[in-house]
Amino acid sequence: MSGTALTAKTIEFPPKNPVAGASKVAMRLSGLTKTYPGNRFPAVKNLSLDVHDGEIVTLLGPSGCGKTTTLRMAAGLEVPDEGEIRFGDTVVVMSSAGLCLPPNKRDMGMVFQSYAIWPHMTVAQNVAFPLKSRKCPRNQIRDRVRRALELVGMAGYEDRPGPLLSGGQQQRVAFARALITEPRVLLLDEPFSSLDAKLREKMRIRVKRLQKELNIAFLFVTHDQIEALSLSNRIALMNAGEVQQLGSPRLLYENPANEFVRDFVGKTLLLRGEVQSGDSSGRLAIALHGSPDCVIYGRTYDPGGIERGKQVFIGVRPEDVEVLPAQGPVAPPGMLTGTLDVALFVGERIEYQVAVEGQGTIDIYGERHRPIEEGHKVWLKLRPDGHSAWESNRSLDEEDI
Ligand SMILES: Nc1ncnc2c1ncn2[C@@H]1O[C@H](COP(=O)(O)OP(=O)(O)O)[C@@H](O)[C@H]1O
Ligand SMILES: [Mg+2]
């Protein structure tokens with residue numbers, strides 16, 4: 001039942017048409033492998049990924065998992081040891097033939113974490129630079145610069161000299177400069193990491209709008225899962241140089257392919273239970289420990305290893321559990337009984353720690369408008385279906401993240 005035997009390929013569900021009206025491959029990375037000189041392990045291992053026109057694909061994963069290296073290979077700043085890269089129909093890297101075209105021969109713009117803008121130029125001059133070097137007519141330049149600056153929330157800053165901008169503003173100018181030529185592919189490495197939380201939210205919405213308007217393919221790198229979940233058409237979750245799962249944000253959240261994905265994306269409660277029955281599609285009925293009347297359904301990626309009576313863990317998202325004040329000593333069928341240990345008011349919700357019979361203490365969320373006091377008996381109503389089932393409760397070491 002462990003997902004570790006699964007390869008990224010078997011769990012890739014490429015949508016037939018990921019974005020309506022746009023299904024052409026803008027960039028194809030095939031079998032990319034890169035080991036830095038002197039390193040024992042590859043930074044990126046056999047990575048394959050398509051990004052379609054108009055699609056946002058995000059590389060998500062912990063620090064050091066190979067996101068930047070992948071992006072730098074796509075940009076032409078790093079030469080892969082093995083593999084092939086195409087932009088549209090143009091092959092720009094073919095390691096077997098010793099081919100690796102430089103960045104300016106690839107139809108892309110890029111914004112990297114530390115992409116400095118030119119300090120001796122104004123904002124407008126910085127943004128206009130790629131158009132000027134392409135001999136674009138002057139009146140067009142002014143309009144396009146204004147539009148690009150509007151997109152990044154920097155309209156009105158045209159004449160500001162580069163050094164008089166904050167770090168976040170400089171990054172937004174770099175963003176506008178990368179967009180100005182309307183490249184087919186945009187490569188972004190944690191472009192918002194220097195912005196404050198409110199601005200990041202605005203930038204997410206701007207990028208989403210931009211995607212609709214311009215039909216650009218985005219390969220976006222982040223370690224911020226909210227950013228990845230909210231922005232992406234598909235996410236490639238990486239660990240130790242390898243893609244662990246590739247698919248829609250909803251797929252990764254609701255059907256994580258292995259323990260790494262389960263624990264990296266969102267929060268999961270692991271409840272103990274016993275398999276009552278299962279079918280060949282991997283859907284299992286599981287009776288929860290401590291409340292044999294509570295049977296819920298979960299999916300496993302490995303239906304072969306399941307038999308009746310097997311002890312398993314069922315992965316439940318905290319928001320799929322409703323906390324209710326107990327109405328009597330025995331919970332109705334389908335519910336768990338517990339005692340509310342700790343209540344934390346965090347604004348949009350209340351976070352409870354509940355000691356559950358047969359399960360230990362678990363963290364769940366409650367509604368702000370229906371607070372329950374510490375020490376009270378509670379019933380936990382679980383969503384009956386749509387959970388994930390696991391053989392182990394092995395979790396990610398915090399230090400791995
Ligand atoms: N220039 C380099 N020389 C040697 N090792 C590097 C270099 N750049 C990155 N690495 C190593 O390669 C691995 C992947 O790094 P990177 O692609 O930067 O990861 P991420 O962007 O996901 O944090 C890490 O182990 C990192 O230490
Ligand atoms: Mg990085």
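In the predicted model, a backbone N or O atom of Gly66 is placed 3.1 Å from an oxygen atom of ligand 1. Two side chains make comparable approaches to oxygen atoms of the ligand: an N or O atom in the side chain of Lys67 lies 2.9 Å from an oxygen atom of ligand 1, and for an N or O atom in the side chain of Thr68 the corresponding separation is 2.8 Å. These three residues belong to a run in the surroundings of ligand 1 that comprises Pro62, Ser63, Gly64, Cys65, Gly66, Lys67, Thr68 and Thr69, while Tyr36, Asn39 and Ala43 also take part in surrounding the ligand.

With regard to the overall organisation, the domain assignment divides the chain into domain 1, which is made up of the two segments 3-107 and 183-263, and domain 2, which covers residues 267-392. The C-alpha centres of domain 1 and domain 2 are separated by 34 Å, and the contact between them draws on 14 residues from domain 1 and ten residues from domain 2. Together, domain 1 and domain 2 bury about 1000 Å² between them, with 48% of this area on carbon and sulfur atoms. Of the area that domain 1 buries against domain 2, 58% is supplied by Tyr253, Asn255 and Arg262, a contribution that exceeds that of any other three residues.

As to the polar character of this interface, zero salt bridges are found across the interface of domain 1 and domain 2, whereas six residue pairs, both members at pLDDT 80 or more, are in polar contact between domain 1 and domain 2. On the side of domain 1 that touches domain 2, the elements giving two or more residues are α7 (249-254) and α8 (259-264), and α7 provides the largest share, namely four residues. By residue class, the side of domain 1 that touches domain 2 consists of eight nonpolar, three polar and three charged residues.

Although salt bridges are absent between domain 1 and domain 2, a search of the whole structure returns 20 of them. One of these salt bridges is formed by Asp50 with Arg28, for which the closest N and O atoms are 2.7 Å apart. Because Asp50 lies in strand β2 (residues 44-52) and Arg28 in strand β1 (residues 25-34), the pair ties together parts that are 22 residues apart in sequence.

Notes. Residues numbered from 1 in each chain as written. Chains lettered and ligands numbered in written order. Predicted model: local features only at pLDDT ≥ 70, side-chain atom pairs only at ≥ 80, totals over all residues. Heavy atoms only, no water. Domains from an automatic or database assignment. Contact = heavy atoms within 4.5 Å. Buried area = accessible area lost by both parts, 1.4 Å probe. Salt bridge = Lys/Arg side-chain N within 4 Å of Asp/Glu carboxyl O. Polar contact = N/O pair within 3.5 Å; in protein donor to acceptor, adjacent residues only side chain to side chain. Nonpolar A, V, L, I, M, F, W, Y, C, P; charged D, E, K, R; others polar. Near = heavy atom within 4 Å.
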